[in-house]
There are 2 protein chains.
Amino acid sequence: MNIGLLCFITHRAMETRVMAALAAAGFDDLTLAQGRVAARISPGGTRLTALAEQAQVTKQTAGFLVDQLERAGYVRREPDPADARARLVRMAPRGEAAVAVARAAEAEVEKEWTGHLGPGEIERLRAALESLRELTDPYR
Amino acid sequence: MNIGLLCFITHRAMETRVMAALAAAGFDDLTLAQGRVAARISPGGTRLTALAEQAQVTKQTAGFLVDQLERAGYVRREPDPADARARLVRMAPRGEAAVAVARAAEAEVEKEWTGHLGPGEIERLRAALESLRELTDPYR
DNA sequence: CCATTTTGGTACGATCCTCTGACTAAATAT
DNA sequence: ATATTTAGTCAGAGGATCGTACCAAAATGG
């Protein structure tokens, strides 16, 4: 089977598990699209344009999703001291809490996968995918 | 980085390339969602319910997308001789042509990736993902 | 320093995708 | 023969995404 489709299956399995864990922990108002944008917010805050670029959606879509995240209390926007036009999207406490749950779910799933493949093979898999990012990820 | 996200990046890269190749070959009316459903149609034809299950969308969504594929001439629906309620979704000639283009694009991308990782490592990657399907793909 | 271009972001409208709920008809099970 | 399951459709709604058009601040180039 083609590697792209195999990656899709694997990715979707992880995403489904993480979303389920979030919902179970009370973060049941988060959507997939919101999560994909939120996952790109760095600790120091990230500009909307950067989020859009990394998530590969338009500025409008990213703005739309950040609006929702803000209304739901996951993130806040602060003025960017370096540029009066821009604002930094930052995690709010509720967002930090959701991130912690998501990270734990990811770790749990990876543990299961490691149990299936073995630790050496999992690391080899990760290394191969990381290496492919040089070809596949323009926003590394 | 977490393996789920790495798979997402890899998958999206493949999908983008395939869609671009299809568009360049004149199949520019195909959408991603249509393609994901169409990719599950087997040579002997596939029932709508089976497509929905495998693509992990509802029957309604699958029906909606197949309607569009049918109107655009990519697929046709035929009565299922084994069940009067059901119909088999089959590729039409235009669909077969698109599949050929998609397959060629996939092969091209995999070739590039093989050039980057080496043939041994690519096969190891594929084998690991295939093995993970036992955990990640309920519709294998 | 001023004009031009680039960059960060918003507003509006349209389209696409997806789901829930309700339904029909055929097949299967009891 | 009746009840249940299965294949599929219809109608309606909400969410996600994009294209076009804008505005304002910053950078660039005389």
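**Two chains and DNA strand C**

Modeller: Of the 21 residues around DNA strand C in this predicted model, those that come nearest are Thr49(A), Lys59(A), Arg85(A), Thr31(B) and Gln60(B). Sugar and phosphate make up 60% of the strand C atoms that come within 4 Å of the protein.

Biologist: What makes the pair between Gln60(A) and a base nitrogen of DNA strand C a polar contact?

Modeller: The cut-off for N or O atoms is 3.5 Å. A polar side-chain atom of Gln60(A) sits 3.3 Å from that base nitrogen, so the pair falls within 3.5 Å and counts. On the phosphate side, polar backbone atoms do the job: Leu48(A) has one 3.2 Å from a phosphate oxygen of the strand, and Thr58(B) has one at 2.9 Å.

Biologist: Which element gives the largest share of the surface near DNA strand C?

Modeller: Helix 4 of chain B, with 5 residues.

Biologist: How do you know how many disulfides there are?

Modeller: The total is 0 over all chains. A pair has to be within 2.5 Å, and the sulfur of Cys7(A) is 4.2 Å from its closest cysteine sulfur, in Cys7(B), so that is too far for a bond.

Biologist: Why is Cys7(A) called buried?

Modeller: Buried means under 20% relative accessible area; Cys7(A) has 0%, so it counts as buried. Cys7(B) is buried too, also at 0%.

Biologist: What makes the relation between chain A and chain B a two-fold axis?

Modeller: A turn of 180° and a shift of 0.0 Å along the axis lay chain A on chain B with an RMSD of 0.0 Å, which is the two-fold relation. In chain A, the C-alpha nearest that axis belongs to Cys7(A), at 2.4 Å.

Technical notes. Residues numbered from 1 in each chain as written. Chains lettered and ligands numbered in written order. Predicted model: local features only at pLDDT ≥ 70, side-chain atom pairs only at ≥ 80, totals over all residues. Heavy atoms only, no water. Buried < 20%, exposed > 50% of the residue type's maximum accessible area, 1.4 Å probe, protein only. Least-squares fit on C-alpha atoms with pLDDT ≥ 70 in both. Near = heavy atom within 4 Å. Polar contact = N/O pair within 3.5 Å; in protein donor to acceptor, adjacent residues only side chain to side chain. Helix = DSSP H or I, 4+ residues; strand = E, 2+ residues; numbered from the N terminus.
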